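Trainee: Could you take me through this model one feature at a time, giving me the general idea first and the case at hand afterwards?
Mentor: Gladly; let us put the structure in front of us.

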Amino acid sequence: MPITVTSRDSELTIALSGEIDHHAARELMAQLDQTVAERLPAHLVLDLSGVTFMDSSGIAVLLRARRQLGHNGGVLRVANIPAQARRVLDAAGIGRLISLE
């Protein structure tokens, strides 16, 4: 899954695209882990505007990113969430743990 990384001040934005399912989740987690470890952002925004499908594997990706940022004192926000992904995140109650915009 391709990711696009942009940075401004202490905020890192990672734009995701395509399907976030069990096939893509492992590679995506590795890419996010590496990017966060290299850049150590204070704030990370995951932009889901290019995501065409998400299942529960996407939830695992978000929770892992949250945990990794928490180890460094960072904050995670998820932005531009498509309707299908929003339904998955809302059904799981992820908004109680992660800021969903």
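What follows is a conversation about reading the fold, the sheet and a few single residues.

Trainee: What should I know about the model before reading any value?
Mentor: This is a predicted model, in which local features need pLDDT of at least 70 and side-chain atom pairs count only at pLDDT 80 or more, while totals for chains, interfaces and linings use all residues. Residues are numbered from 1 along each chain as its sequence is written, and side-chain values use heavy atoms, with hydrogens and water left out.

Trainee: How many helices and strands are there, and what pattern do they follow along the sequence?
Mentor: Helices (H or I, at least four residues) and strands (E, at least two) are DSSP runs, numbered from the N terminus. In the protein chain there are 3 helices and 5 strands, and along the sequence they follow the pattern β-β-α-β-α-β-α-β.

Trainee: What does the radius of gyration say about the protein chain?
Mentor: The radius is taken over C-alpha atoms, and the globule rule is 2.2 Å times the number of residues to the power 0.38. For 101 residues a compact globule would have a radius of gyration near 13 Å, and the 12 Å of the protein chain agrees with that. The C-alpha trace spans about 30 × 25 × 20 Å along its principal axes.

Trainee: In what order do the strands of the sheet lie?
Mentor: Two strands pair if DSSP finds at least two bridges between them. Here an open sheet of 5 strands has the order E1-E2-E3-E4-E5, with mixed pairing. Its edge strands, each pairing on one side only, are E1 (3-8) and E5 (99-100).

Trainee: How do E1 and E2 pair, parallel or antiparallel?
Mentor: E1 and E2 (residues 11-20) pair in the antiparallel sense over 6 bridges. Thr6 has Thr13 as its bridge partner in E2, and Ile3 stands opposite Leu16 in E2. The two strands form a hairpin with 2 residues between them, and Asp9 in the turn has a positive phi of about 55 degrees.

Trainee: Turning to helix H1, are Thr35 and Gln31 buried or partly exposed?
Mentor: Buried means under 20% relative accessible area, exposed over 50%, and partly exposed in between (1.4 Å probe, protein chains only). Thr35, found in helix H1 (residues 22-39), has a relative accessible area of 10% and is therefore buried. Gln31, also placed in helix H1, is partly exposed, because its relative accessible area is 21%. Over the protein chain, 43% of the 101 residues count as buried.

Trainee: Which residues do these two touch?
Mentor: Contact means heavy atoms within 4.5 Å. Leaving aside neighbours within four places in sequence, Thr35 is in contact with Ile3, Val5, Leu12 and Ile14, and Gln31 with Met1 and Ile3. Gln31 and Met1 are 30 residues apart in sequence, with their C-alpha atoms 9.1 Å apart in space. Among contacts in the protein chain between residues at least 6 apart in sequence, 68% join residues at least 24 apart.

Trainee: Where does Ile94 lie, and which residues does it touch?
Mentor: Ile94 sits in the loop between helix H3 (83-92) and E5, and it counts as buried because its relative accessibility is 4%. Not counting residues up to four places away in sequence, Ile94 touches Ile59, Leu63, Leu89 and Leu100. The C-alpha atoms of Ile94 and Ala25, by contrast, are separated by 17 Å, with their positions 69 residues apart along the chain.
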